[in-house]
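Reader: Please take me closely through a single part of this protein, starting from one residue and working outward to what surrounds that residue. I would like the terms spelled out along the way.

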Amino acid sequence: MQNLSESSLKLLKDEALLEMARDGNLSAFNELICRNQHSCRKIAVSILHDSAEAEDQVQNAFWLAFEHLDQFRGSAQFATWLSRILVNQCLSRLRQIKKMPLLSIEEKFNLEIQRVDQIIEPGPTPEEQLGNKQVAVAIIREIWKIPPILRNVFLLSDVQQLPMSEVAARLGISVSAAKSRLLRSRLELRVRLSRYETRRGLAGLLA
């Protein structure tokens, strides 16, 4: 994997960055994201008319782009491909909002009870419990290998489940910066966990 400074990455064309990103270079992918972040936000806001919703869908689009980077064939520019992903995300979110039912308090309570029942029944077997514990230990080990500047936002948001505004306040950064770090931390963790993947998925963590 080629390691270049941020200033060197800025001099590269999108095509070169894409090749590096496909090889797992997160810095190269982050540079691609930085080049398209402003235009993506404008697109999302123009569709959703809500800056918070727009920011969420921009981050989701970045995540999907990274997950499916191997499917990008170069028939169009990366910015065009990324924009298509983003537009689909925004339109999907609009459909969700329009279909969102207005539940009464009683209906919401009953729905939560059903969800709890689904979670606790049936319970895992002793073997499954042991396997889950081993997987958790491996995941935690990889989380702590993530650089602190990225790990802290991951722990606050995805582990402690704090709202992004509070995460940003605790770290003394803007909400957009916190979301950007969260995306990078998730990408970093995904790359680390991919080393364990086998034909059985995360079952490789138990080996």
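Author: Leu32 lies in helix H3, where helices (DSSP runs of H or I with at least four residues) are numbered from the N terminus. The model is a predicted one, in which local features need pLDDT of at least 70 and side-chain atom pairs count only at pLDDT 80 or more, while totals for chains, interfaces and linings use all residues. Residues are numbered from 1 along each chain as its sequence is written, and side-chain values use heavy atoms, with hydrogens and water left out.

With a relative accessible area of 0%, Leu32 is buried; buried means under 20% relative accessible area, exposed means over 50%, and partly exposed covers what lies in between, with a 1.4 Å probe and protein chains only. If residues up to four places away in sequence are not counted, Leu32 touches Asp14, Leu17, Leu18 and Phe78, a contact being heavy atoms within 4.5 Å. Phe78 is 46 residues from Leu32 in sequence, yet the C-alpha atoms of the two are 8.6 Å apart in space.

Asp14, Leu17 and Leu18 lead to the pairing of two helices, since they are among the residues of H2 that meet H3. The axes of helix H2 (residues 14-22) and helix H3 (residues 26-48) come within 8 Å and cross at roughly 140°; such axes are lines fitted to C-alpha atoms, for helices over the stretch in contact, and the angles run from 0 to 180 degrees between N-to-C directions. H2 and H3 are therefore oblique to each other, given that angles under 35 degrees count as roughly parallel, over 145 as roughly antiparallel, 65 to 115 as roughly perpendicular and the rest as oblique. The crossing of these two helices, H2 and H3, is left-handed, a label used if the near helix is turned anticlockwise from the far one by less than a right angle, with clockwise giving right-handed. On the H2 side the residues are Asp14, Leu17, Leu18, Met20 and Ala21, and they meet Ala28, Phe29, Glu31, Leu32 and Arg35 in H3. The residues of this contact of H2 with H3 divide into 7 nonpolar, no polar and 3 charged, where Ala, Val, Leu, Ile, Met, Phe, Trp, Tyr, Cys and Pro count as nonpolar, Asp, Glu, Lys and Arg as charged, and the others, Gly among them, as polar.

Beyond H3 comes a loop, and His49 lies in that loop between H3 and H4. His49 has a positive phi of about 55° although this residue is not a glycine, and His49 is exposed, with a relative accessible area of 67%. In helix H4 (residues 51-67) one finds Gln57, which counts as buried at 7% relative accessibility. Leaving aside neighbours within four places in sequence, Gln57 is in contact with Leu48, Leu86, Gln89, Cys90 and Arg93.

As for the setting of this part, the protein has 10 helices and 0 strands. Buried residues make up 34% of its 207 residues, and, of the contacts with a separation of 6 or more, 58% are between residues 24 or more positions apart.
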